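Biologist: Could you take me closely through how the helices pack against one another here, and through the side chains that sit where they meet? I would like one connected account rather than a list.

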Amino acid sequence: MTPFQWIAISFIICAAGYELVNIRQQRAVRLVVLFRGVIWFAAALAILFPNQIGRLATLIGIGRGADVILYSFVLIFLATTFYFYSRYLRLQRQITDVVRYLAIQEATRGAEEPALEER
């Protein structure tokens, strides 16, 4: 193993240990932790067996193993960005609905009741 492989695998083992602690303490959603675990495992395999990634790249017609990893990360990044952007928009709509509902409720009460700040 090269020094880079030792360092990278040590880092991945620490990250996997952190994920296990999160599962035990139930701080994270299991599906998300499972997804991250799969990513860490795939990264460890790619670091330990770089020639296999080169074979995969040749098999799918890309050429270099590093390009396969780069393209994969770009696609995953784009998918993640679109997912979180849609979640952000949905959250904004929900907040707008709640604020609108509270404003209508406050307006219908009108002068019948004093406002919360006046109590």
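Modeller: In this predicted model, helices H3 and H4 are roughly perpendicular to each other, and that description follows because their packing angle is about 80°, inside the range of 65 to 115 degrees that carries this name. H3 covers residues 50-60 and H4 covers residues 65-109, and their axes are 7 Å apart. On the H3 side the contact is made by Ile53, Gly54, Leu56, Ala57 and Ile60, and on the H4 side by Gly65, Val68 and Ile69. Sorted by class, the residues of this contact comprise six nonpolar and two polar ones, with no charged residue.

The packing of H1 with H2 can be described in the same terms. H1 and H2, the latter spanning residues 30-48, pack at an angle of about 165° with their axes 10 Å apart, and the two helices are therefore roughly antiparallel to each other, since angles over 145 degrees are counted that way. The crossing in which H1 passes H2 is left-handed. H1 brings Phe4, Gln5, Ala8, Ile9, Phe11, Ile12, Ala15, Glu19, Asn22 and Ile23 to this contact, where they meet Val33, Arg36, Trp40, Ala43, Ala44, Ile47 and Leu48 of H2. By class, the contact of H1 with H2 holds 13 nonpolar, two polar and two charged residues.

Two of the H1 residues at this contact, Glu19 and Asn22, deserve a separate look. Glu19 is found in H1, which runs over residues 3-24, and Glu19 counts as buried because its relative accessible area is 8%, under the 20% limit. Not counting residues up to four places away in sequence, Glu19 touches Val33, Arg36 and Trp40. Asn22, which also lies in H1, has a relative accessible area of 5% and is therefore buried as well. With its neighbours within four places in sequence left aside, Asn22 is in contact with Arg27, Ala28 and Arg36, so that Arg36 appears among the contacts of Glu19 and among those of Asn22.

As for annotation, an unreviewed UniProt entry lists residues 6-21, 28-48 and 68-85 under "transmembrane region". In the model, the chain over residues 6-21 is 100% helix and 0% strand, with its end C-alpha atoms 23 Å apart. Over residues 68-85 the chain is likewise 100% helix and 0% strand, and there the end C-alpha atoms are 26 Å apart.

Note on methods. Residues numbered from 1 in each chain as written. Predicted model: local features only at pLDDT ≥ 70, side-chain atom pairs only at ≥ 80, totals over all residues. Heavy atoms only, no water. Axes fitted to C-alpha atoms, helices over the stretch in contact; angles between N-to-C directions. Helix = DSSP H or I, 4+ residues; strand = E, 2+ residues; numbered from the N terminus. Parallel < 35°, antiparallel > 145°, perpendicular 65-115°, else oblique. Contact = heavy atoms within 4.5 Å. Nonpolar A, V, L, I, M, F, W, Y, C, P; charged D, E, K, R; others polar. Buried < 20%, exposed > 50% of the residue type's maximum accessible area, 1.4 Å probe, protein only. Left-handed = near helix turned anticlockwise from the far one by under 90°. UniProt positions renumbered as here; feature names shortened; annotations may be inferred.
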